[in-house]
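Me: I am new to this structure and should be grateful for a close look at one part of it. The model is shown below.

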Amino acid sequence: MKPIIAPSILSANFAHLAKDMEMINRSEADWVHIDVMDGVFVPNISFGFPVLKFVAELTDKPLDVHLMIVNPEKFIHEVKALGAYTMNVHVEACTHLHRVVQQIREAGMKPAVTINPATPVAVLNDIIRDVYMILVMSVNPGFGGQAFIERSVEKVSELRELIDKTGSKALIEVDGGVNPETGARLVAAGADVLVAGSVIFAHKDPEQMIRDLKGL
Ligand code: DX5
Ligand code: ZN
């Protein structure tokens, strides 16, 4: 099975976002990955809902919304209003994760749960059957263009084992430092969805890079 490819617009040119969105629309990308940051959960701020309202109108591809914010449950309504397909919340940001997952599903979106590099796969034992997807961070969240954390490949294998053992249908998504080389190893370890930012937007032919990742 070819991986699902989700370009992250964090590395796009925000002054010419419409142009970059057109490139994504033309490309073999499956989803559009959207990174929302609050300067509290992560040491950076990206863009908020007033900006995303217009971004969402520029594509028909499913929106994969990754919230790097504290108390993400406060924004379920705003994420839904964008027409989001998935809503990814961090384990580390949710005291009542099970409730948040139910609320996302009730709102009509696919609930996804994200783990930081220092968070073990075992933390997912009691939520794995309830989620559409697990997002494994392979860099510390907050910035594009960081070096891939090698341990993430083993984590994907561990997660694949947990999913198979429990009969969960959860997809495995990986985000951070993905390129054709790390992407190939992640897919071999069991990843279903690859997020990629800088490797796409820094490339002279971004559409070709998306095609290369899709071919893994
Ligand atoms: C990082 C974001 C990523 C980021 C990945 O906090 O969650 O989605 O855009 O960027 P690259 O692919 O450049 O590591
Ligand atoms: Zn992300």
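Is Tyr85 buried, partly exposed or exposed, judged by its relative accessibility? Please set the answer in the context of the aromatic pairs and of the chain as a whole.

Reply: The model is a predicted one, and the values below are computed from it. Tyr85 has a relative accessibility of 28%. Buried would require under 20% and exposed over 50%, so Tyr85 counts as partly exposed.

The surroundings of this residue begin with the aromatic pairs, of which the chain has 4. One of them joins Phe14 and Phe47: the ring centres are 5.5 Å apart and the planes stand at 65°, so the arrangement is edge-to-face. Phe14 belongs to the loop between β1 (4–7) and α1 (17–26), while Phe47 belongs to the loop between β2 (32–37) and α2 (49–56); the pair therefore ties together parts that are 33 residues apart in sequence. The two partners are covered to unlike degrees, since Phe14 is partly exposed at 41% relative accessibility, whereas Phe47 is buried at 9%.

Tyr85 itself takes part in a pair with Trp31, which is edge-to-face, with 5.6 Å from centre to centre and 65° between the planes. Trp31 is in the loop between α1 and β2, and Tyr85 is in the loop between α3 (76–81) and β4 (86–90), so this pair ties together parts that are 54 residues apart in sequence. Trp31 has a relative accessibility of 6% and is therefore buried, in contrast to the partly exposed Tyr85. The link extends to a further ring, as Trp31, Tyr85 and Tyr132 are joined into a cluster by ring pairs.

Tyr132 precedes strand β6 (133–137), and the loop between β6 and α5 (151–166) contains Ser138. Ser138 is buried, because its relative accessible area is 0%. Beyond its neighbours within four places in sequence, Ser138 touches Ala147, Phe148, Ile149, Ser152, Val174, Asp175 and Gly176. With Gly176, the C-alpha to C-alpha distance is 4.9 Å although the two residues are 38 residues apart in sequence.

Another loop, the one between β3 (63–68) and α3, holds Asn71. Most residues other than glycine have a negative phi. Asn71, however, has a positive phi, near 45°. With a relative accessibility of 33%, Asn71 counts as partly exposed.

These details belong to a chain with 8 helices and 8 strands. Its radius of gyration is 16 Å, and a compact globule of 216 residues would have one near 17 Å, so the chain agrees with that expectation. The C-alpha trace spans about 40 × 35 × 30 Å along its principal axes. Of the 216 residues, 55% are buried. Among contacts with a separation of 6 or more, 66% are between residues 24 or more positions apart.

The outer surface and the charges complete the picture. The accessible surface is about 9600 Å², and carbon and sulfur atoms account for 53% of that area. The chain carries 20 positive and 27 negative charges, whose mean positions are 3 Å apart.

To return to the question, Tyr85 is partly exposed, and its ring belongs to a cluster with Trp31 and Tyr132.

Terms used:
Residues are numbered from 1 along each chain as its sequence is written. Chains are lettered from A and ligands numbered from 1 in the order in which they are written. This is a predicted model: local features need pLDDT of at least 70, side-chain atom pairs count only at pLDDT 80 or more; totals for chains, interfaces and linings use all residues. Side-chain values use heavy atoms; hydrogens and water are left out. Helices (H or I, at least four residues) and strands (E, at least two) are DSSP runs, numbered from the N terminus. The radius of gyration is taken over C-alpha atoms; the globule rule is 2.2 Å times the number of residues to the power 0.38. Buried means under 20% relative accessible area, exposed over 50%, partly exposed in between (1.4 Å probe, protein chains only). Contact means heavy atoms within 4.5 Å. Accessible areas come from the Shrake-Rupley method with a 1.4 Å probe; for residues, only the protein chains shown count as cover. Lys and Arg count as positive and Asp and Glu as negative; His and the chain ends are not counted. The place of a charge is taken as NZ of Lys, CZ of Arg, CG of Asp or CD of Glu. Rings of Phe, Tyr and Trp (its six-membered ring) pair if their centres lie within 6.5 Å; planes under 30 degrees apart count as stacked, over 60 as edge-to-face and the rest as tilted.
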